[in-house]
Amino acid sequence: MVFIGPPGSGKGTQCERLSNHFGVPHISTGEMLRSLDSETGHAIHSSIDRGHFAPDDFIMQMIAQRLLADDCQRGYLLDGFPRTLVQAQAFDAILHQCSQQLDHVIHLVVDVAELVQRLTKRSQCGHRSDDSPEFIHERFELYEERTAPLLAHYEQQSLVRSVDGMRSEDAVFATINQFSC
Ligand code: AMP
């Protein structure tokens, strides 16, 4: 499954629960980027802290390697990948090469006022340096410009399941869980 939704829509929370439930890995490219500890990693951190995306070729290298791991052979949940059309097309090619298919693309729908409230709360916890209120709106704009068009791409493959993400964590989880039955 692929999860698409703006920052704060609950992708990470739902993927974590589903990962425990189904016993398949939760792969978050954001988390992978945050844990990089190389010189390139530090350059990427300062860029994502300002709300920018990491380069497509870097993301593709990182994800292609991750998907080869043994724990991915029974399936996986992708949180925050793909985020651009270039990534989605490169990912289609990887799936094709491996004779794999996506089951669902979960689109989490949450209105902007609620997203701002969630991200402001998250920034007060201070876990993530990219949650700075200064750059929240840039991240929304980037989502609308670069990531939302992926929905049309996956609509063409009849994979998109839109889920009302304004509800409780449990209710959202129950809806997504139903798709998998
Ligand atoms: P996330 O944890 O998914 O919210 O990602 C945090 C930040 O990492 C994003 O705002 C982007 O700057 C960067 N990032 C995560 N995944 C990707 C991706 N697939 N492509 C480009 N940048 C990414």
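**The ligand shell and the second largest pocket**

Modeller: Helix α2 (residues 29-34) gives the largest share of the shell around the ligand, 4 residues. The model is predicted: local features need pLDDT of at least 70 and side-chain atom pairs 80 or more, while totals for chains, interfaces and linings use all residues. Residues are numbered from 1 along each chain as its sequence is written, and side-chain values use heavy atoms, without hydrogens and water.

Colleague: Why is α2 called a helix?

Modeller: A helix is a DSSP run of H or I with at least four residues; residues 29-34 form such a run, so α2 qualifies.

Colleague: Which residues around the ligand come nearest?

Modeller: Of the 16 around the ligand (a heavy atom within 4 Å), Thr29, His52, Gly80, Arg83 and Gln87 come nearest.

Colleague: What makes the pair of the ligand and His52 a polar contact?

Modeller: A polar contact is a pair of N or O atoms within 3.5 Å. A ligand oxygen lies 2.5 Å from a polar backbone atom of His52, so the pair qualifies. A ligand nitrogen is 3.0 Å from a polar backbone atom of Ala54, and a ligand nitrogen is 2.9 Å from a side-chain N or O atom of Gln87; both pairs therefore qualify too. Taken alone, the ligand exposes 480 Å² (Shrake-Rupley method, 1.4 Å probe), of which the protein buries 97%.

Colleague: How many residues of each class are in the shell around the ligand?

Modeller: The shell has 6 nonpolar, 5 polar and 5 charged residues. Gly counts as polar, so Gly80 belongs to the polar class.

Terms used:
A polar contact is a pair of N or O atoms within 3.5 Å; within protein, one must be able to donate a hydrogen and the other to accept it, and residues adjacent in sequence count only if both atoms are side-chain atoms. Helices (H or I, at least four residues) and strands (E, at least two) are DSSP runs, numbered from the N terminus.
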